[in-house]
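Welcome! Below are some short exercises, each followed by a worked solution. Take a look at the molecule, then try each task before reading on.

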Amino acid sequence: MHATRYELALYAGGELGFWARRRVRGHLRQCADCGREHQALAGMRAGLLGSANDLPQDIEWDRLSSEMKANIHLGLAAGECVAVSQPPTHFTGWRPALIMASAIAVVLLAYWVYRPVGPPPEIARKGISSAPDFLLEASAAGIGLNDHGRVLTIKHPIDQDVTFSVSLEGAVRSRYVDAETGQVTINNVYVQ
Amino acid sequence: MSMSNKLPILVLVVAAAAGQNALNSRSNMHITLPEDAPLAVVSADWGESALTPRGSAMLLDLHTSLTLRNVGNRRVRGVTLLVMAQEAAPGGKASVSVPSLGVGPGEVFPVRLDLRLLRPNTDKDGPLVEVSLDGVLFDDLSFYGPNRLNSRRQMMLWEMEARRDRQYLKRFYETNGVEALRQQMVNVQARLSERSRMDIQLARGRTTNAEGEHAVQFAFLRLPGEPVTPSPATGMVSSAEARIPQVDVTNRANRQVRFVELGWLLTDAQGQEFYAGSLPADVDLAPGARTRLQPDMRLKLGPRDGKPVQIAAMRGFVNHVEFADGSVWIPDRGALAAVKSAIQPSHEEQRLSNLYRRKGIQSVIEELVKP
């Protein structure tokens with residue numbers, strides 16, 4: 001498959017992309033027709049560059065250069081609309097993306113296989129409790145701290161008179177008289 | 001069991017029930033008392049403590065009864081043990097206190113510890129729970145211990161309240177006789193049993209759902225002899241949730257104040273008042289100086305007798321004050337008459353009424369006439 005005239009023109013000006021430049025260069029080594037075309041375009045370009053100093057003073061070369069490049073790109077885009085579709089090359093289109101995606105998948109798979117066994121403690125704790133946002137709780141079952149699923153509870157005998165009190169510095173207290181010993185037992189659970 | 005004062009006890013807690021796993025022998029409880037502690041561990045009965053896997057965590061149920069001996073030469077009035085659960089910071093800290101003791105030198109006494117701990121199922125070695133001594137209060141009000149939990153102050157306040165109540169009941173008995181004292185004990189039982197059961201949740205910071213929140217006045221009772229005076233404030237309540245407001249407190253005494261505790265009473269929509277909690281604060285108040293207490297907690301009340309609670313009003317009173325020299329002020333019983341129906345019986349009243357229930361009125365009288 002020959003290189004197009006537009007590709008040869010851009011190649012002669014050193015304005016082709018990396019992969020396209022490699023492909024055109026390889027083709028020129030094998031194709032005498034395209035080689036001659038390229039030589040002609042390169043010669044024209046050299047001639048133009050050589051006569052650049054002869055241009056009238058009021059010509060703005062930078063602006064002209066920009067407009068020419070824009071026209072070339074516009075021509076290439078317009079050509080795509082009518083050109084016969086080309087078979088994809090090895091390094092353009094979806095294949096590089098597929099190769100990269102496969103490589104990433106392999107890395108992710110390796111990480112998944114060799115990841116630490118078991119969830120991190122924080123997640124493990126959260127998985128067990130409903131994790132309310134309340135920190136300290138007092139109920140018939142006892143008093144305790146529930147810090148996002150992390151639980152510490154001091155229990156008290158349910159069949160005994162238990163009194164609760166909260167301290168707004170961050171503590172909950174329960175008090176009961178032990179039925180066996182007759183001793184007052186006071187339990188405290190603290191936020192900090 | 002060794003009576004060494006430094007007694008690391010490693011105990012294997014064997015789970016017997018179905019679904020419970022035997023503990024690794026290194027996964028256990030660690031009890032440490034300082035070398036010079038006035039108490040020694042005589043024995044530790046771990047009862048039916050068990051470890052149950054819960055997903056990737058483990059649930060540790062400890063039912064422990066420690067027997068401690070007074071190895072000092074002073075009578076012990078109170079003990080506080082610090083219970084620290086590893087890897088549970090922040091939080092994971094608890095304490096068990098036993099006030100109103102009367103343990104003479106060489107005598108032993110029990111301390112029960114019923115603890116449930118949920119912790120990640122890690123392969124780390126070491127104890128699951130560490131128990132240490134935070135403080136011991138003696139009958140001369142001297143104190144021993146690291147006092148990490150400020151247990152000196154708390155046990156001192158409990159002891160002062162206990163002495164106040166015992167003196168009151170002793171005078172009451174001497175003035176009114178046995179039957180009147182018996183009726184007092186029955187009344188305490190009635191106050192305990194008539195209390196409504198209510199779950200309490202305490203959380204830090206502002207609520208994210210402030211729907212229906214409205215302001216209520218937070219007024220204060222004036223108690224005779226109170227060394228500090230709180231200024232009225234405005235609190236915010238929302239249905240069964242209350243946020244205590246900032247409160248300005250002025251030192252009216254001629255001594256430096258270093259600790260203030262305010263009692264907090266709530267009234268529901270039916271007009272029933274109940275003790276919601278306390279607002280303790282470490283302060284540094286010179287005579288005449290004023291400071292602002294800025295609590296950052298909110299209180300949520302569960303259903304009361306199965307019915308949702310609607311908070312309608314709140315008021316407070318000065319509950320405790322500690323001066324810079326370590327002495328404390330507590331309100332006398334007469335001053336608390338205005339809130340008697342709302343506040344709970346003191347722990348000493350509760351203990352004596354329980355003694356009456358178990359052993360009769362004569363045991364209470366013997367307790368009251370003790371020196």
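**Exercise 1.** Does B:Gly92 count as buried or exposed, and why?

*Solution.* Begin with the ground rules: this is a predicted model, in which local features need pLDDT of at least 70, side-chain atom pairs count only at pLDDT 80 or more, and totals for chains, interfaces and linings use all residues. Residues are numbered from 1 along each chain as its sequence is written, while chains are lettered from A and ligands numbered from 1 in the order in which they are written.

Next, the cut-offs: with C-beta atoms placed from the backbone, a residue is buried if 20 or more other C-beta atoms lie within 10 Å of its own, exposed if 12 or fewer, and partly exposed in between. B:Gly92 has 22 C-beta neighbours inside 10 Å, so it counts as buried.

Finally, place the residue: B:Gly92 sits in the loop between strand 5 (76-85) and strand 6 of chain B. Helices (H or I, at least four residues) and strands (E, at least two) are DSSP runs, numbered from the N terminus.

**Exercise 2.** Which residues of chain B have a positive phi, and where are they?

*Solution.* Recall that most residues other than glycine have a negative phi. One residue to find is B:Ser100, whose phi is near 55°. B:Ser100 lies in the loop between strand 6 and strand 7 of chain B, and it is buried because it has 25 C-beta neighbours inside 10 Å.

Another is B:Asn147, with phi near 60°. Its loop runs between strand 9 (143-144) and helix 1 (151-176) of chain B. B:Asn147 has 15 other C-beta atoms within 10 Å, so it is partly exposed.

**Exercise 3.** How many residues of chain B are in contact with chain A, and which strand of chain B gives the most?

*Solution.* Count contacts first (C-beta atoms, placed from the backbone, within 7 Å): 50 residues of chain B touch 49 residues of chain A. Strand 7 of chain B gives the most to this side, with eight residues. By class, the side of chain B holds 24 nonpolar, 15 polar and eleven charged residues. Here Ala, Val, Leu, Ile, Met, Phe, Trp, Tyr, Cys and Pro count as nonpolar, Asp, Glu, Lys and Arg as charged, and the others, Gly among them, as polar.

Now look for strand pairing, which needs at least two DSSP bridges. Strand 6 (residues 184-190) of chain A pairs with strand 6 of chain B in the antiparallel sense over five bridges. Within strand 6 of chain B, B:Lys93 is the bridge partner of A:Tyr190.

**Exercise 4.** Which strands of chain B are joined to strand 19 of chain B?

*Solution.* Strand 10 of chain B is joined to strand 19 of chain B by six bridges, running antiparallel. In this region, B:Leu202 stands opposite B:Leu299. Strand 14 (residues 241-243) of chain B is also antiparallel to strand 19 of chain B, with three bridges. There, B:Arg243 has B:Arg298 as its bridge partner.

**Exercise 5.** Where in chain A is pLDDT under 50?

*Solution.* pLDDT is the predictor's confidence in each residue, from 0 to 100. Chain A has a mean pLDDT of 71, and 64% of its residues reach 70 or more. The stretch to find is residues 116-132 of chain A, where pLDDT stays under 50. Among the elements of chain A, helix 6 (residues 121-126) has the lowest mean pLDDT (33) and helix 2 (residues 18-30) the highest (86). Where pLDDT is low, the predicted coordinates should not be read in detail.

Terms used: Contact = placed C-beta atoms within 7 Å.
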